[in-house]
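Biologist: Could you take a close look at one chain of this model for me, and then set it beside its partner? I would like to hear about overall form first and the nonpolar interior after that.

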Amino acid sequence: MNRRIRMIAALMAVLAGISSGFLVRQMMETGKGEDQEVAAIRQAKEILTQEEERLALLQSQNFELEQRKKELLRRLEEYEDVSGILTEMRENAFLSAMTDVEGSGIVLTLDDKLDYDPLTDPIEAVIHDSTINYILNLLWAAGARAIAFNGVRLTAVSEISCVGPTILCYGIRQMPPYVIEAIGPGESMKTALETDSYLVHLIQAKIGIRRTITPEDELVLNSFSRTHDFLPYIGLLRTP
Amino acid sequence: MKNRWFQYISILIVCVLVGLVIALLMKNLNVTNLGGKSLQELQNSIIDYQKKNEDLNNRNARLYEYLRELEAELAGGSGESYLHIVDEKEQYAVFAGLRAAQNAGVVITLTPVEGYRMQDAVIRQLVNELSALGAQAIAINEERKVATTEIRTSQDLILVNGVGFSRGSSFEIKAIVDPAKIDSYVVPYLVSVADSIKKQLGDQSVTITVRKDESVLIPALREDRIAYQTELLKPVE
């Protein structure tokens, strides 16, 4: 028997062993029930699905209630002299990011370096909260009038922070790719992003941050109220 | 010859046993079949969704009450919905930074050493830290921070809401934060951030002081500021 045949025979024997092992394991598990971790993961997935469904339901209810509110306020305007106060309320809602808005602008997507390795890649190859805050400031300075970060509208109290490597926006974990939608002067915002020396540094091959900028003629940014309740964010403010 | 076959069979048996051991030691493959997320990641996602749902549920409950009032008003009611609209108008104004606000908070003063020019990044870092600490109102040199506020250097000035401040002068950042956390967490944390900034910039740069103030007054956004310019935005009907 030559050496090659002996090697193949040995490999086949190892494979046969692995197969038998899985068979034995399967039989053992069928007897004792599922592995505890698998059961916990399965249960967590079920709860997550329920929470996702509940969010979709609440968002749809919120949309219907907001529509109904608009309609009732319009009807109220016909019956009573409330148009002045309603106009003010709508203006304040508009300025506080509590109204859905539309306009032209840009969509910026940012992602960590592909296959980021913390042992060999620089720390800048991962997007940090400071990078996001830096970009937001750049966009406001370039004339942005409304911005959403990963679908959440930014307000006067835009809480973007981090816990370890995870970015939080209003206390909710965000995952890459990060999407920043900005309504405003598209060309000016695009130029600001493309020419900023720090951002140019980040997208170099040696750092590897992935970035795309897409001009949009019609962007719609949802109100902050679609994702959050605003009252907890003004609870500490007293009138002087 | 017989001895040789005995050797071959022994090696094969050892190989089968090695395979058996490998299979039994391998992590259960079912775990990876469940979407690839770890239990910790799933639990984090559940917490995030629960937070979002609670928030939205509260908002919807209040909206529902509001709609009932409006419907009662339209059916010949008491005028309460007018008061509700006034309340709501004011709440939006407060949230947008259009009203002055007062409460306990912190005051950070940055004074550049003679000849040093203040960097916008330092002010931005402190403002971002305050936002992350849950500050509900912030002002930089009496300029209210609102959604569209930019803090950027333009030659010898640092612009905040389009208003220029000399880079050679002091900057004061005021913020209203949770009074229960000021002494125990906010001030010590901001002092550590200030120390780290000073270490980075060196001794001949800027002095930073952080102090608690029982009654910080944050001004409203002034009406001539750029945040009021909304011509590029249209409300969605």
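Modeller: Happy to! In this predicted model, chain B has a radius of gyration of 30 Å, whereas a compact globule of 237 residues would come out near 18 Å. Along the principal axes, the box filled by the C-alpha atoms of chain B is roughly 100 × 70 × 40 Å. Its secondary structure consists of six helices and nine strands. Of the 237 residues in chain B, 42% are buried. If you look at contacts in chain B between residues at least 6 apart in sequence, 72% of them join residues at least 24 apart.

The surface and charges of chain B come next. Its accessible surface is about 12300 Å², with 54% belonging to carbon and sulfur atoms. There are 26 positive and 30 negative side chains in chain B, and 11 Å lies between the centres of the two sets.

Now for the partner. Chain A has six helices and eight strands, and you can follow them along the sequence as α-α-α-β-α-β-β-β-β-β-β-α-α-β. For chain A the radius of gyration is 27 Å, against a value near 18 Å for a compact globule of 240 residues. The C-alpha atoms of chain A occupy a box of roughly 100 × 50 × 40 Å along the principal axes. Buried residues account for 47% of the 240 in chain A. Of the chain A contacts with a separation of 6 or more, 72% are between residues 24 or more positions apart. The accessible surface of chain A is about 12300 Å², and carbon and sulfur atoms hold 55% of that. Chain A carries 24 positive and 35 negative charges, whose mean positions are 8 Å apart.

That brings us to the interior. The largest nonpolar core has 64 residues, and those touching the most other members are Ile132(A), Leu139(A), Ile147(A), Phe149(A), Leu154(A), Ile180(A) and Leu193(A). Helix H4 of chain A, residues 129-141, supplies the largest share of this core, with six residues. A separate core of 33 residues includes Ile108(B), Leu126(B), Leu133(B) and Ala194(B).

Ile180(A) is a good residue to zoom in on. Setting aside neighbours within four places in sequence, Ile180(A) contacts a group that includes Ile106(A), Val107(A), Leu108(A) and Leu110(A). Also in contact with Ile180(A) are Ile132(A), Ile135(A), Leu136(A) and Leu139(A), along with Ile147(A), Ala148(A) and Phe149(A).

Notes
Residues are numbered from 1 along each chain as its sequence is written. Chains are lettered from A and ligands numbered from 1 in the order in which they are written. This is a predicted model: local features need pLDDT of at least 70, side-chain atom pairs count only at pLDDT 80 or more; totals for chains, interfaces and linings use all residues. Side-chain values use heavy atoms; hydrogens and water are left out. Helices (H or I, at least four residues) and strands (E, at least two) are DSSP runs, numbered from the N terminus. The radius of gyration is taken over C-alpha atoms; the globule rule is 2.2 Å times the number of residues to the power 0.38. Buried means under 20% relative accessible area, exposed over 50%, partly exposed in between (1.4 Å probe, protein chains only). Contact means heavy atoms within 4.5 Å. Accessible areas come from the Shrake-Rupley method with a 1.4 Å probe; for residues, only the protein chains shown count as cover. Lys and Arg count as positive and Asp and Glu as negative; His and the chain ends are not counted. The place of a charge is taken as NZ of Lys, CZ of Arg, CG of Asp or CD of Glu. A nonpolar core is a set of buried Ala, Val, Leu, Ile, Met, Phe, Trp, Tyr and Cys residues joined through side-chain atoms within 4.5 Å.
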